[in-house]
Each structure stands twice: as structure tokens, then as C-alpha cells.
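The following note sets out numbered points on the model under review. It is meant to be read alongside the sequence and coordinates.

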Amino acid sequence: MKNILVVSVIGQDKPGLVEQLAAVISQQQGNWLESSFSRLAGQFAGIVKVAVKGDGALLLAALQALPGLDVRGVLDAELADENDASLQSVALTLVGHDRIGIVKDVSTILAGFGVNVEKLETWLDSAPMSGEMMFHAQALLSAPISVDLGHVRRDLEAIADDLMVEWAD
């Protein structure tokens, strides 16, 4: 019987980190299923979903022994069901002038409607004409089917006059 281990990893970025993780997972007879990694401000962070024989404790311990990495794991008994029919998946794109608190305001509105943020990427760049800093966000969300996305959009647009909100299925 195979179990699932989800591992988060963070540490100073350097070449070979993914290879180190993959080598330990392979040595422990784990099967790398899914992952997402990113480099930000010189740090390397990611999450990996691995199928393992047994309870996964040996694999987790071996990963935690890697030098320079903070590794944490969650075993399958603690994982939530990902196939909930009462949820709708939506993609959200936001663009507006940058300001302190914009992520807090957006996340507060989403949480108020019971919307879960599954993936979030944010970045800043300068507006073509004015050079002002523009905030950009792309998010994958899961929302209860009962939630009217029009109401969510209205509340998001009320954050600022210039905030553009786009949904995609």
C-alpha cells in the first residue's frame, strides 16, 4: 500500500537542491508525484507530493537530514480530500496601483466569502506611461458553488478605483 507524504522545503538557493531532494526520495523508494518550487530573494522554497511505501517517516527523516534546508512534512492521514464537488475552481487576475495592505485587503474579502487561495503569485512593475508601481496578482482559487463571484468581484473592485479584476474558469 502506498501513502502520500507532502513535504515543504526552504533554504538558501544554490545549484543542485532539487537533485538532492530527488536523490533522497529515490533512495527511500519514494515516487515524486507533484511539486512546485520557486526562488525569491535568494531563498529556495517548494512543496513536493510523494507516494511512499509504509508511513513515510523514514523518508521524512532522511529529507530533514539534508544540510541547510528546513524540511517539514504532512502524512496522508492529515491531508484533506481534494475532490470536493461543492467547490468551484476559478482563476483570478488583479492589476492596480501598488499600496501597503493590498494583499491583506484582497485576502480578507476572499476569506469572507469562504474562498480558498490555492496558488498565488504577485509582482510589481512600473506602469508604461506614468512609471508608477503597479501591483499584479494571479491566483487559483476554490470557492463554494453557492458563492456569487459577481459579489466577490464587486467587493474586490471596491478596494480601489483602479483595481481591475478578471475571472477565468
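1. Two strands are taken to pair if DSSP finds at least two bridges between them; helices (H or I, at least four residues) and strands (E, at least two) are DSSP runs, numbered from the N terminus. The model is predicted, so local features need pLDDT of at least 70 and side-chain atom pairs count only at pLDDT 80 or more, whereas totals for chains, interfaces and linings use all residues. Residues are numbered from 1 along each chain as its sequence is written, and side-chain values use heavy atoms, with hydrogens and water left out.

2. Strands S2 (residues 31-40) and S3 (residues 43-53) are antiparallel partners joined over nine bridges. Within this pairing, Trp 32 stands opposite Val 50 of S3. The two strands form a hairpin with two residues between them, and Ala 41 in the turn has a positive phi of about 55°.

3. The structure holds two aromatic pairs; rings of Phe, Tyr and Trp (its six-membered ring) pair if their centres lie within 6.5 Å, and planes under 30 degrees apart count as stacked, over 60 as edge-to-face and the rest as tilted. Trp 32 and Phe 37 make a tilted pair, 6.0 Å centre to centre with 40° between the planes. Phe 37 and Phe 44 are stacked, because their ring centres are 5.2 Å apart and their planes lie at 15°. Ring pairs thus link Trp 32, Phe 37 and Phe 44 into a cluster. As to accessibility (buried means under 20% relative accessible area, exposed over 50%, partly exposed in between, with a 1.4 Å probe and protein chains only), Phe 44 is buried at 7%, while Trp 32 is partly exposed at 27%.

4. An open sheet of four strands follows the order S6-S7-S5-S8 with antiparallel pairing. Its edge strands are S6 and S8 (164-168), each pairing on one side only. The twist averages 15° from one strand to the next; axes are lines fitted to C-alpha atoms, for helices over the stretch in contact, and angles run from 0 to 180 degrees between N-to-C directions. S5 and S8 are joined by five bridges, and Thr 93 has Glu 166 in S8 as its bridge partner. Helix H3 packs on the sheet, touching S5, S6 and S7 (contact means heavy atoms within 4.5 Å), and its direction makes about 20° with that of S7. Helix H4 lies across S5 and S8, at about 155° to S8.

5. Which residues of H3 are buried? They are Ile 102, Val 106, Ile 109 and Leu 110. These residues cover an arc of only 100° around the axis (taken from the directions from the helix axis to the C-beta atoms), which puts them on the same side of H3. On the other side, Lys 104, Ala 111 and Gly 112 are exposed.

6. The largest nonpolar core has 21 residues; such a core is a set of buried Ala, Val, Leu, Ile, Met, Phe, Trp, Tyr and Cys residues joined through side-chain atoms within 4.5 Å. S5 (87-97), H3 (102-112), S7 (133-144) and H4 (149-157) each supply at least two of its residues, and the largest share, five residues, comes from S7. Apart from this core lies another of 17 residues, among them Leu 21, Ile 25, Leu 63 and Val 71.
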